[in-house]
Amino acid sequence: MTITDSLALALFFLCWLGYGPLLALLARRSGSLNDDMLVVRRAWMMVMTHREVRIVDSQLMGHTINSAGFFASTNLLLIAAVAGILFGGDQALMGVASVGGEAMPIRLLEVKLALVLLCLARGLLDFIWSIRQMNYTLAVIGAAPEVHTEGDRVALGEAAANLLNPALSAFSQGVRGYYFALAAAAWLFGPLWLALGVAAVFCLLVWRQAGSPAARAVRTARRLLERHLPPQ
């Protein structure tokens, strides 16, 4: 591995592992899409506890679980494909090397494919944990009693939100794994492509969190919903 490869790989891990702390910093200063969605989902769970019939809430949760299951299944197929090449012997590796943009030793190619596999595997674990937590949330929604005091409603809504928010945060992390896996795949064409790929992915994710039309719309909804939420 050359110095350029090492520098590009260091930049990749800096962006991949540093994205979460940067997102938390953005949330404290000016807000982020994920942080705003925490409030929106908490408002949803509070409204859920005031409904006598919660069919809509169950259907929405079912749709979300199906989405997470689809991403997890797709992720598993991609992992199988990359692992098949990585552990398929020199012939499979040479076939991939012939597609890349530069000649490279087999061992370096294995490292590059392993990086893609690592991103996908991390995403798969996030999706699995997300689905489990969403199933817990669905059970809480189904067990919500019909008659209770306002204090009980608030407490139950908080409990449901404390399950749903980590579940969908894990789902977002799993989706993020696709972005970084794509950047890692750019390494097959050389270290410069890896550096450009991870920089482009990082900037795209930050823009979508802080400056995209969706982020602005959710921020507006958060301000409206916060007026009607009980204090935490």
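**Reading charged pairs and buried residues**

Me: In this structure R122 is partly exposed, with a relative accessible area of 39%; with which residue does R122 form a salt bridge?

Reply: Bear in mind that this is a predicted model. To read a salt bridge, look for a side-chain nitrogen of Lys or Arg within 4 Å of a carboxyl oxygen of Asp or Glu. Here R122 forms one with D126, and the closest N and O atoms are 3.3 Å apart. The two residues are separated by about one helical turn, because they stand 4 residues apart in helix α5, which covers residues 106–143. D126, at 9% relative accessibility, counts as buried.

Me: How many salt bridges does the structure hold, and which residue meets R222 in one?

Reply: The structure holds 8 salt bridges, and one of them joins the side chains of R222 and D35, at 2.9 Å from N to O. This pair links distant parts of the chain, since R222 is in helix α8 and D35 in helix α2, 187 residues apart. R222 is buried, with a relative accessible area of 18%, whereas D35, at 21%, counts as partly exposed. The pair also belongs to a wider network of salt bridges, in which D35, D36, R219, R222 and E226 are linked.

Me: What does E158 meet in a salt bridge?

Reply: The side chain of E158 meets that of R42, with 2.6 Å between N and O. Because E158 lies in helix α6 (residues 150–185) and R42 in helix α2, the pair ties together parts that are 116 residues apart in sequence. Both partners count as buried, E158 at 16% relative accessibility and R42 at 7%.

Me: Where does R41 lie, and how far away is the nearest side chain of opposite charge?

Reply: R41 lies in helix α2, residues 33–49. R41 is buried yet has no salt bridge, and the nearest side chain of opposite charge, that of D35, is 8.9 Å away. Beyond its neighbours within four places in sequence, R41 is in contact with N34, L164, N165, L168 and S169.

Me: How many disulfides are there, and why does C15 form no bond with C203?

Reply: A disulfide needs two cysteine sulfur atoms within 2.5 Å, and by this rule the count comes to 0. The sulfur of C15 is 8.0 Å from the closest cysteine sulfur, in C203, so the two are too far apart for a bond. For C119, the closest cysteine sulfur is in C15, 12 Å away, again too far for a bond. C15 is buried at 10% relative accessible area, and C119 is buried at 1%.

Notes: Residues numbered from 1 in each chain as written. Predicted model: local features only at pLDDT ≥ 70, side-chain atom pairs only at ≥ 80, totals over all residues. Heavy atoms only, no water. Buried < 20%, exposed > 50% of the residue type's maximum accessible area, 1.4 Å probe, protein only. Lys, Arg positive; Asp, Glu negative; His and termini not counted. Contact = heavy atoms within 4.5 Å.
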